Amino acid sequence: MKRWKRSPAKSPKRHKRLFIRVQDGLFSIEGLGEWHSYWREPYHLMLTVPWLGFVAIIAVIFLLLNTFFASLYLLGGDCIVNARPGSFEDAFHFSVQTLASIGYGVMSPKTSYAHLVVVCQSIVGLFVIAVLTGLIFSRFTRPTARVLFSKAAVVMPFEGLPTLVFRTANQRRNRILEAEVIVYLSMDQVTQEGHQMRRFYQLKLSRSRTPTFNLPWTLMHTIDSSSPLYGLDRQQMIEAHTQITVSLNGLDETVSQNVHARHIYGMSQIFFDHQLADIIHYTEDGHRYVDFEYFDQVIPLT
């Protein structure tokens, strides 16, 4: 009895090179997260392309499908009632009406061939409408966070110890419940064997969670003997291509969905011996207000 050998599954095509660029102290992977990098993955492309591009792609696909089916109708000769024989325009309009399930009733299939093409086009139309509905629904329902991070972080004395300080705020004017911030430090280091490698550390914050995130939140990491930044000056951090990545997660109270926001600080955005400008002010009647005009401002220490 002859045995059939199972052909090995094809492995996904790999990129030959992945370019990592360093600009203003920030590492970036070429094409990471950009919509045009998904041209081999249609689903991700349609979710990430800007709305104008999304509409343009749908319009082009719609026109090409109807052009294809209009050509099929023309191949059948005079097969459409009330259509001019050999008229591509009439065949195209009939195709649009069939694909979109409009059905004015003015033009209709006249031959068995035309009926067969209509059946095929109706099946294609069902798939097109289903896929398009799913894509639009996915785009509209993707959870997004309007979280603002200060453009700069500072290293300043706090309680007698140098402290890394930056802040964040929720711009949506609603509550993000059980918000949590995790801060990662990445830097180049050389091992005892002389190998250079990129290492990652998690920085401990004085407060990394809050039950409700609806007001500006100042985040602080104390640079003590347990901190991976301990003993490093600015020049050493620059030479090590130091980068700080901030990740915020929480539950959006309005839509009951998890939201995520991320921000990266390079050495060009970290200021030593500076402090963040105060943004909390008092009114004459004893109330408080937040002035976002100074949210990104840093002030040299005197």
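Which elements cover the buried residues of α2? The legends below take up that question first and then turn to salt bridges, all in a predicted model.

**View 1. Helix α2 from end to end.** Helix α2 runs over residues 51-75, a stretch of 25 residues. From the first C-alpha to the last, α2 reaches 36 Å, which is close to the 36 Å expected at 1.5 Å a residue. Look just past the end of the helix for Gly77, whose phi is positive, at about 75°.

**View 2. The buried residues of α2 and their cover.** Phe54, Asn66, Phe69, Ala70 and Tyr73 are the buried residues to pick out in α2. Their cover includes two helices that you can find at α1 (42-48) and α3 (88-99). Strand β3 (80-81) and helix α4 (112-141) are also included in that cover. As a reminder for reading such a view, residues three or four places apart in an α-helix point the same way, because there are 3.6 residues a turn.

**View 3. A salt-bridge network around Arg84.** Here Arg84, Glu89 and Asp90 are joined in a network of salt bridges. Between Arg84 and Glu89, the closest N and O atoms lie 3.5 Å apart. Between Asp90 and Arg84, the corresponding N and O atoms are 3.0 Å apart. Is Asp90 buried or exposed? With a relative accessible area of 11%, Asp90 falls under the 20% limit and is therefore buried. Arg84, at 49% relative accessibility, counts as partly exposed, and Glu89 counts as partly exposed too, at 45%.

**View 4. The salt bridge between Arg198 and Asp188.** This close-up shows Arg198 in a salt bridge with Asp188, with the closest N and O atoms 3.0 Å apart. The pair links distant parts of the chain, 10 residues apart: Arg198 sits in strand β9 (residues 196-203) and Asp188 in strand β8 (residues 176-190). Why does Asp188 count as buried? Its relative accessibility is 18%, and buried means under 20%, so Asp188 qualifies. Arg198 has a relative accessible area of 22% and is therefore partly exposed.

**View 5. Salt bridges across the whole structure.** If you would like to go on exploring, a search of the whole structure finds 8 salt bridges. Among them are the bridge of Arg84 with Glu89, the bridge of Asp90 with Arg84 and the bridge of Arg198 with Asp188.

How values were computed: Residues are numbered from 1 along each chain as its sequence is written. This is a predicted model: local features need pLDDT of at least 70, side-chain atom pairs count only at pLDDT 80 or more; totals for chains, interfaces and linings use all residues. Side-chain values use heavy atoms; hydrogens and water are left out. Helices (H or I, at least four residues) and strands (E, at least two) are DSSP runs, numbered from the N terminus. The expected span of a helix is 1.5 Å times one less than its number of residues. Buried means under 20% relative accessible area, exposed over 50%, partly exposed in between (1.4 Å probe, protein chains only). Contact means heavy atoms within 4.5 Å. A salt bridge is a side-chain nitrogen of Lys or Arg within 4 Å of a carboxyl oxygen of Asp or Glu.
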